[in-house]
Amino acid sequence: MNKLAVIACCLSLTACAGNPDLRPEPYLKSESFLQQGLNAYENDDFPQARDKFKQALQFYQSFDNQHGMALARLNLAQTALALSDFANAQAFLNQLKQQMSLKPQLQRKIIFLEAKLQFEQQQYSAALKTLQPLLDNSSGALQTQEEQLNVLSLQAKLELFTAPLNPAPGLARF
């Protein structure tokens, strides 16, 4: 009888240990690489972040996870911008724009990153034009306060750079 109680207790303890994650291995690896990339990016280790995001993208592509591929490409574009690798940033943004059925939040982020890329390349008028759909915001496109602040901040920077340089009236004589 004691042996049966011990066996029952052991079985109940293993049942309480939790269920194993039953998601496919490529999915688990892609999520892991994406998280490792985000951690590296937050620690300003951009080369490491780029490598992890590339690995995540490869795994997402292996089972055609469109949303995962979009997240990986978006993070690759942002990391390329952080590394001043403008050609790759543009390439990843172009790939994202060709991808179908992106969520509105991702579409807004693409617009913002494209404007930021143009700003970094000193194409201030083009960046302001790219941001215009977000600035109009007539459809409530900007959902979060953080998104609104990011766009307004970039708009202010762009307006400073695109404004004509007029010296103060008193300084014109010098």
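**Exercise 1. Which residues are exposed on the other side of H3?**

*Solution.* The model is predicted: local features need pLDDT of at least 70, side-chain atom pairs count only at pLDDT 80 or more, and totals for chains, interfaces and linings use all residues. Residues are numbered from 1 along each chain as its sequence is written, and side-chain values use heavy atoms, with hydrogens and water left out.

Step 1. Apply the cut-offs: buried means under 20% relative accessible area, exposed over 50%, and partly exposed in between, with a 1.4 Å probe and protein chains only.

Step 2. The buried residues of H3 are Phe46, Ala49, Lys52, Phe53, Ala56, Leu57 and Tyr60. They cover an arc of only 145° around the axis, which puts them on the same side of H3; the arc is that of the directions from the helix axis to the C-beta atoms.

Step 3. On the other side of H3, Gln58 and Ser62 are exposed.

Step 4. A general rule helps here: an α-helix has 3.6 residues a turn, so residues three or four places apart point the same way.

**Exercise 2. State what covers the buried residues of H3, and check the span of this helix.**

*Solution.* Step 1. The cover of the buried residues includes helix H2 (25–42) and helix H4 (66–82), where contact means heavy atoms within 4.5 Å.

Step 2. Helix H3 (residues 46–62) has 17 residues and, at 1.5 Å a residue, should span 24 Å; its end C-alpha atoms are 24 Å apart, which agrees. The expected span is 1.5 Å times one less than the number of residues.

Step 3. After H3 comes Asp64, with a positive phi near 55°.

**Exercise 3. Describe the make-up of the whole protein.**

*Solution.* Step 1. The protein has eight helices and zero strands; helices (H or I, at least four residues) and strands (E, at least two) are DSSP runs, numbered from the N terminus.

Step 2. Of the 174 residues, 31% are buried.

Step 3. Among contacts with a separation of 6 or more, 55% join residues 24 or more positions apart.

**Exercise 4. Find the aromatic cluster that includes Tyr60.**

*Solution.* Step 1. Rings of Phe, Tyr and Trp (its six-membered ring) pair if their centres lie within 6.5 Å; planes under 30 degrees apart count as stacked, over 60 as edge-to-face and the rest as tilted.

Step 2. A search of the whole structure gives five aromatic pairs.

Step 3. Tyr27, Tyr60 and Phe63 form one aromatic cluster. Tyr60 is also among the buried residues of H3.
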